[in-house]
Amino acid sequence: MRGVEKNKTAKERAVLSWMMAAFAVVMLVLGNYAVRLLGAALLAAGLWYQKKRVRNRLHELTAYLEQANTGNAPVLSALGEDELSKLEDQIYKTVTYLYLTREEAVRTKNEFARNLSNIAHQIKTPITAISLCVQAMEGEEGKEGREQILRQLTRLTRLEEALLLLARLDAGTLVLKKKQTDVYTLLVLAADNLQEIFARAEVSVVIPEMGEILVSVDPDWTMEAVMNLMKNCAESCAGGCVRCFYEQNPLYTEIRIQDEGAGFDGKDLPHLFERFYRGTNAAEGGTGIGLSLAKELIERQDGVIRAGNLPEGGACFEIRFYRH
């Protein structure tokens with residue numbers, strides 16, 4: 001009922017303003033000097049009222065859009081029947097559609113996170129069983145087979161851990177605890193955790209100490225992201241060297257991790273950080289999750305990451321944590 005009354009009032013006001021304008025024009029054409037002056041005043045008043053009415057309507061629609069942007073928009077009742085009514089109707093339809101789309105996206109995301117978690121837990125059961133069987137095997141006979149099984153177990157374990165982490169990220173349950181962390185210490189600890197991989201690939205690691213540079217991050221999860229990048233470099237430059245550099249300026253702290261391998265294929269560059277994407281030069285046995293995990297962990301800490309090729313050859317990862 002209130003909406004009908006508001007529509008009626010708006011119509012009446014619009015008609016009144018146009019009648020005032022028409023009457024003013026007649027007075028300007030037919031009246032004497034005083035009447036023409038009065039007509040001019042009425043015309044100006046009518047135009048001013050029209051402008052004010054349109055401005056108020058735009059303000060109301062803008063306020064509604066601002067509320068919609070924060071997710072608190074009420075149901076939009078008819079604000080008036082005028083030249084902006086069609087725009088008002090389209091805004092309401094668009095906002096309603098976006099709300100429904102967002103709810104569906106959230107539901108799908110939560111369902112995907114649950115599925116990932118279930119898959120990871122299903123993988124864990126055969127891993128445990130196989131691991132126990134391998135431990136029970138004795139003697140030299142079948143040693144090569146046991147080593148192959150152990151390598152596959154390691155791969156499955158990494159996959160399980162990555163899927164669980166993806167599930168936590170998608171569900172929003174991963175808590176990042178930021179604190180001031182020294183970049184050099186972060187890089188050294190990440191490299192120490194990968195010594196076995198570096199040794200197997202005969203890769204050396206160079207991390208020059210460039211003084212204390214602090215960055216506000218979660219040290220454990222940031223180290224996990226850096227390890228994924230270092231591991232990718234090590235697998236791409238067997239017998240070569242992985243180099244790390246870092247610096248800080250008033251805007252951001254930058255970390256660069258680069259290798260001496262073949263670099264990235266041009267067609268792979270736009271897709272490197274997509275989940276489960278495996279590039280042309282990807283190492284055998286990879287899961288295609290490591291780089292996407294690194295990206296998500298860094299971006300959730302107000303950082304950005306990009307990958308590219310060095311002019312002299314080799315791949316390079318560049319991380320920037322912006323200062324606030």
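A residue is called buried here when its relative accessible area is under 20%. The model on display is predicted, and the tour below applies that cut-off throughout.

**The aromatic cluster.** Begin by selecting F264, F273 and F317, which ring pairs link into a cluster. The whole structure contains three aromatic pairs. In one of them, F264 and F317 meet edge-to-face, with 5.6 Å from centre to centre and 70° between the planes. This pair joins distant parts of the chain: F264 sits in the loop between β5 (252-258) and α8 (290-299), whereas F317 belongs to strand β7 (residues 315-322), 53 residues apart. F264 counts as buried because its relative accessibility is 13%; for F317 the value is 0%, so this residue is buried as well. Next, display F273 with F317: the ring centres lie 6.5 Å apart and the planes stand at 65°, so this pair is also edge-to-face. F273 lies in the loop between β5 and α8, 44 residues from F317, and both residues are buried.

**The largest nonpolar core.** Now select L187, L229, M230, I255 and I257, which touch the most other members among the 52 residues of this core. Helix α7 (residues 219-236) contributes the most to the core, with eight residues. Centre the view on I257; its contacts beyond four places in sequence include V226, L229, M230, C233 and F317.

**Helix α7, residue N228.** Move to N228 in helix α7, which counts as buried because its relative accessibility is 16%. Beyond its sequence neighbours within four places, N228 contacts G290, L293 and A294.

**Helix α5.** Finally, select residues 183-192, where V183, L186, L187, A190 and A191 are buried. Viewed down the axis of α5, the buried residues fall within an arc of 125°, so they line one face of the helix.

Conventions
Residues numbered from 1 in each chain as written. Predicted model: local features only at pLDDT ≥ 70, side-chain atom pairs only at ≥ 80, totals over all residues. Heavy atoms only, no water. Buried < 20%, exposed > 50% of the residue type's maximum accessible area, 1.4 Å probe, protein only. Helix = DSSP H or I, 4+ residues; strand = E, 2+ residues; numbered from the N terminus. Arc of directions from axis to C-beta. Core = buried A, V, L, I, M, F, W, Y, C linked by side-chain atoms within 4.5 Å. Contact = heavy atoms within 4.5 Å. Phe/Tyr/Trp six-rings, centres within 6.5 Å; stacked < 30°, edge-to-face > 60°.
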